[in-house]
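Here are a few exercises to work through with the model open beside you. Try each task before you read its solution.

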Amino acid sequence: MEFSEVLRRRRMIRHYSDRPLSPEVVERVLAAALRAPSAGFSQGWAFLALTDPADRARFWPFVPTRVEQTPTMQDAPLVVVPLAHKAAYLARYAEPDKGWQDRAEARWPAPYWHIDTGMAALLMLLTAVDEGLGACFFGIMPEHLGAFRAEFGVPDAYDPIGGITIGHRADDVPAQSTRVARRRRAADEVVHRGQWGRHS
């Protein structure tokens, strides 16, 4: 698929069939995440991949709103939880070629561990589209994170940034609401050219 077509087709899909994914497709989706950029090539991320139905069933209680609003998300045969590892960045930038020996988080202009993990998540979303699949990124609310960590043995040093479902779209996926098109902000609203407020 042409990259422009991947971008055009990318949208959040919340309705899946229970048709399985081949192991090769799952591996291609996960491998795509490893191609994301990362500050200092820190690669401060990890990915909890849930393909076994029993493991996926253990996950869904931690996103009850998703289950309530769109129960067919549970039919997705792949759930991935991207995890950001801040300590990897602080350690990398304390190395001699970077020179921030004190590992101070205050030196960072933004939490790149979250940004880079988000870019890895986006590569998985785009790869899903390229594979002819649907995908959706969604949040895990703070009140559920402790229990989620305990259930899956996730170390405290790794922060879940959300969840991703990937699978075959259900045959009866609702058409995208016209409200989405009306709400999409135009480039001349959000792109400032040379100076804030200059759009042309």
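Helices (H or I, at least four residues) and strands (E, at least two) are DSSP runs, numbered from the N terminus. The model is predicted, so local features need pLDDT of at least 70 and side-chain atom pairs count only at pLDDT 80 or more, while totals for chains, interfaces and linings use all residues. Residues are numbered from 1 along each chain as its sequence is written, and side-chain values use heavy atoms, with hydrogens and water left out.

**Exercise 1.** Work out how many helices and strands the chain has, and in what order the elements run from the N terminus on.

*Solution.* Start with the count: nine helices and five strands. Next, walk along the chain, and you get α-α-β-α-α-β-α-α-β-α-β-β-α-α. For the overall dimensions, the C-alpha trace spans about 55 × 50 × 35 Å along its principal axes.

**Exercise 2.** Find which residues of helix α7 are buried, and what covers them.

*Solution.* First, the cut-offs: buried means under 20% relative accessible area, exposed over 50%, partly exposed in between (1.4 Å probe, protein chains only). In α7, residues 142-152, the buried ones are F148, R149 and F152. They sit on the same side of α7, because they cover an arc of only 100° around the axis (the arc is that of the directions from the helix axis to the C-beta atoms). Now flip to the face turned away from that buried side: there you meet the exposed residues E143 and A150. The cover over the buried residues includes β1 (45-50), α3 (53-59), β2 (78-84) and β4 (159-160), with contact meaning heavy atoms within 4.5 Å. Finally, look just past the helix: G153 follows α7, and its phi is positive, near 70°.

**Exercise 3.** Is R92 buried or exposed, and which residues does R92 touch?

*Solution.* Locate R92 in helix α5, residues 86-92. Its relative accessible area is 16%, so R92 is buried. Leaving out residues up to four places away in sequence, R92 touches G40, S42, D97 and K98.

**Exercise 4.** Place Q43 and R103 in their loops, and check the phi of Q43 and of R103.

*Solution.* Take Q43 to begin with: it lies in the loop between α2 (23-33) and β1. Q43 isn't a glycine, yet its phi is positive, about 50°. With a relative accessible area of 35%, Q43 is partly exposed. Then go to R103, in the loop between α5 and α6 (112-130). Phi of R103 is near 55°, again a positive value in a residue other than glycine. R103 is partly exposed, at 47% relative accessible area.
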